[in-house]
Structures are given as C-alpha cells and as structure tokens.
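Visitor: Hi, I'm new to this one. Can you show it to me and walk me through how its pieces pack?
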Amino acid sequence: MIDPVRHRQLEELNMVELCTRILVNARNELYLNMRCLDVALSSLGYEAAPDCPGVGTDGFVIYYRPEYLGRLYRQGRVLVNRSYLHMVLHGLFCHMDTRGVREEADWNLACDIAAESVIDGLYLRCVHRQPSLYRQDWYGRMKKHLPVLNAEGVYHILQKMQLPPKQRERLAAEFYVDVHQYWQLPGEDPQLSVTRQNQWNRNRERMQTEMETMGNQQDEDTRSLLEHVQVENRERYDYRQFLRKFAVLREEMQVDPDSFDYVFYTYGMSLYGNMPLIEPLESKEVSRIEDFVIVIDTSMSCSGELIQRFLEETYDILCESDSYFRKINIHIIQCDEQVRQDRRITSREEMEAYMADFTVSGQGGTDFRPAFEYVNILLRQGAFRRLRGLLYFTDGEGIYPVQRPVYDTAFVFVKDQYTDISVPPWAIKLILEPDQLAERKENDEY
C-alpha cells in the first residue's frame, strides 16, 4: 500500500521539477529572441512558494505557486514568457528600490503599466499578445503626456487623475501580472537593498551598451526596449549638489575649529593660569556662492508652474546658511528672444521679496544669445567681482551662442520629454524631470 503522505510529497516534487523546467524554457526562449537580456535573465533563481498568490520576485529569486504557474502554462507559453520578462523589467528599471515616499498602490500600478508597455511594444512571437482596446486606450491617454511610459511619469499622471476606486481596480486588474509583496526585503536590510540595486544597475548598463553596439543591426522589434533602458540609465542628479559646484573659495570672519589645537591651549592654561598659548583663528576659508547669474527662459514653451518650482528649489539651496556669503551678487534674468528683466539680489531678504512677487515676463520665442550678450556687457561694466557661472533654465528649443563664454555655463532642462537635447560642447547639460522638483517638495513636507 502506498503511503498517502509519501505520494503527496512525490507529486509536489514532480510539480516543482516541472515548474522549474517551465521557467528555464521561458528564460531560454526569451534569450534566443533578445540576446541583450542574457545576464538579466540569468540573474533570477526559482523557488516554489505555496503561500504566494501567483508569481513574484524580490530581485534575486522568482517565487511561484506551482498550481498557478502550471495553470498559466496551460493557457499558453506566451503568458509565462511575458510574466518572466515582466519581472525582469521590474529589476532592470529598479522599481523595487525607487518608490521613496510615493503612495504604494499607485506606485505598484505605475510599475506594472511601465513594464507592460515595454512588452506590448515588442513585436516578438515569444511575447506578443494583442493588447485589449481598454489597454490601448490607456496607452494613448498617457502617451499624450509621456513619449516613454516610465514608472515615475506614469505615477505622476495617476496621482493627477485621482481615479475613482472602481476605475482604479479595473485598471489594476488589466495590468496585473505579478505580486509585489517580495519587493520589501526581510528585515529591511539596507545593505541587501543596495546590493540588489547595484546588481540590476550593472545589468541595465551592460544591456544598453550591447544594444547600442549593435547599431543598425539591432532588430526594430527591440527598439522600444532600448528607449526605456536609455531613460532609466540617464544620470540622476542631485540638484543641490550640482548648484554648489558654482561656489568660490574665500575667507570669512568666523572661528575655525579645525585649526584650533587643544593640546597647546590647555598646556598654556595650566602653565600660566589664564593665558592660552594659541587662540583659534578668527577667519576660515569657505566655499560658497558669491557672484552668479540665473537666466530663465520665459518663452511660451516653458511652463510658468515649472519656472516657479525651479526658482523655489534654487531659492531653498541659496538660502542655506552654508551656501552663500552674507553679501551676494546674483542676477536673475528673464529672457525669451530678448532680455525682459534683470533683478539683482544682494541679500536673503531681497531673494525672499523677489520670490513673493515673481511674475513671468516675455512669452515670446526662444533665443539664448541675448542673455549671454547682456551678461558680457555686465562683465565689461564691472558688475561682478568674480563671476563663477551662469545657470540657464530652459526647454532647450532655441538658438545657442557659437562662442564659449569666459565663465562656466549650465543649461538646465526640466521636461518630461526623453529625447536627447544637443547643447554646445562647452556647456554643461543637466536634465531634471518635472516630478523631481515635485518630489523634493513632497520630501520636505514629510
């Protein structure tokens, strides 16, 4: 007589073995069609999890409920392939580690929409499935605002929409593929999270290199995947740290504790009673912002709301106690095809007054040259002691100067367009997403 417990155990082992073969075959089929995914596809192990509602990953292992995976396979290999690729894309796009303070439900939905939009853009037999009309309609709505549906942009749209519960549930059901319960690692080990993020960052960078190296030989079917990878691989900038690069070194009257030697001080006090041998220096070399120019592109293509948020962020940085000298000389210039306004800021109080009464002047075309010509005139007139740099906030659509100025120049682009923007080789290019400034505001509120 066969032991029922033993029989059940054998059936479970056979089911796990069968599921492993299903996942391995899915990985191999994806690899044969997309060679650039070789390392990423091999970065995940497999583990049966009877308590898992379906399939999911923590960035290291794919967890699955055997009954669910078997049923999915019976519906078609394409569904298994899509699920496998969906989880790999979560890893490649670092969806598990970049939520921050975003609302969890909308972030999970945004990540699913972003991953599915990539897969639906791959016209490969191993993953192709005709999107439903409902799904196509949502893609169309979102692509009016985002050429590439990345998670951050989709999340921003969902937050603005404030969908009713029933509509949101239907949308979540439409894009549901995997569970996200494993994204939060056990014990919330920060080092493990860093390891996971670094691993997938390397996978993504290698993947982009391989896809770009293929050049014209690259299959058109995977071009949408390259666009998403390029978006995720764009350098993430800390705007505060970037602005501090325009600081200058100068002595300022204040105690310098780093130059104070307590050994000689206490020795003098013990020897003479009330006469220390060395007093602390009364001046200290500090690196802060002194002479600076901020040019705002006020053409019709630039949003007044984004200009305001950019100025608020810049204002917060400049008003930090360790960012600028007590006496500053900052010119804030508004310019479209001509200089519309120049406001000189010499103190924190003037900066606060300017921010309180700020209005956009211009709304014409875009030409960067008048602003540079105007700053050059100010230089000849001696308006600056030591001009460290110029920061030009714009959408990038305009005429650039041909000749390099004598000061450092950075063009800051705040837009949700991901196409590359060409700037002169002598200029610094800094691209910020619209919701990056919004995220800073949200973080400050928290």
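Guide: Sure, let's start with two helices: helix α3 (residues 66-75) and α4 pack at about 125 degrees, their axes 5 Å apart. Axes here are lines fitted to C-alpha atoms, for helices over the stretch in contact, and angles run from 0 to 180 degrees between N-to-C directions. That angle makes α3 oblique to α4; under 35 degrees counts as roughly parallel, over 145 as roughly antiparallel, 65 to 115 as roughly perpendicular and the rest as oblique.

Visitor: Is this an experimental model or a predicted one, and how are residues numbered?
Guide: This is a predicted model, where local features need pLDDT of at least 70 and side-chain atom pairs count only at pLDDT 80 or more, while totals for chains, interfaces and linings use all residues. Residues are numbered from 1 along each chain as its sequence is written, and side-chain values use heavy atoms, leaving out hydrogens and water.

Visitor: Okay, which residues of α3 and α4 meet?
Guide: From α3 you have L69, L72, Y73 and Q75, and they meet R77, L79, V80 and S83 in α4. Contact means heavy atoms within 4.5 Å. The residues of that contact split into five nonpolar, two polar and one charged. Nonpolar covers Ala, Val, Leu, Ile, Met, Phe, Trp, Tyr, Cys and Pro, charged covers Asp, Glu, Lys and Arg, and the others, Gly among them, are polar.

Visitor: And how do α4 and α5 cross?
Guide: The axes of α4 (residues 77-92) and α5 (residues 104-120) come within 9 Å and cross at roughly 125 degrees. That makes α4 oblique to α5. Their contact has six nonpolar, two polar and four charged residues.

Visitor: How are helices and strands picked out, by the way?
Guide: They're DSSP runs, numbered from the N terminus: helices are H or I with at least four residues, strands are E with at least two.

Visitor: New topic: in what order do the strands of the sheet come?
Guide: Three strands make an open sheet in the order β1-β3-β2, with mixed pairing. The edge strands, β1 (45-48) and β2 (55-57), each pair on one side only; two strands pair if DSSP finds at least two bridges between them.

Visitor: What about β1 and β3, parallel or antiparallel?
Guide: β1 and β3 (residues 61-64) run parallel, joined by four bridges. α4 packs on the sheet too, touching β1, β2 and β3.

Visitor: Last one: is S42 buried or exposed?
Guide: S42 counts as exposed, because its relative accessibility is 52%. Buried means under 20% relative accessible area, exposed over 50%, and partly exposed in between (1.4 Å probe, protein chains only).
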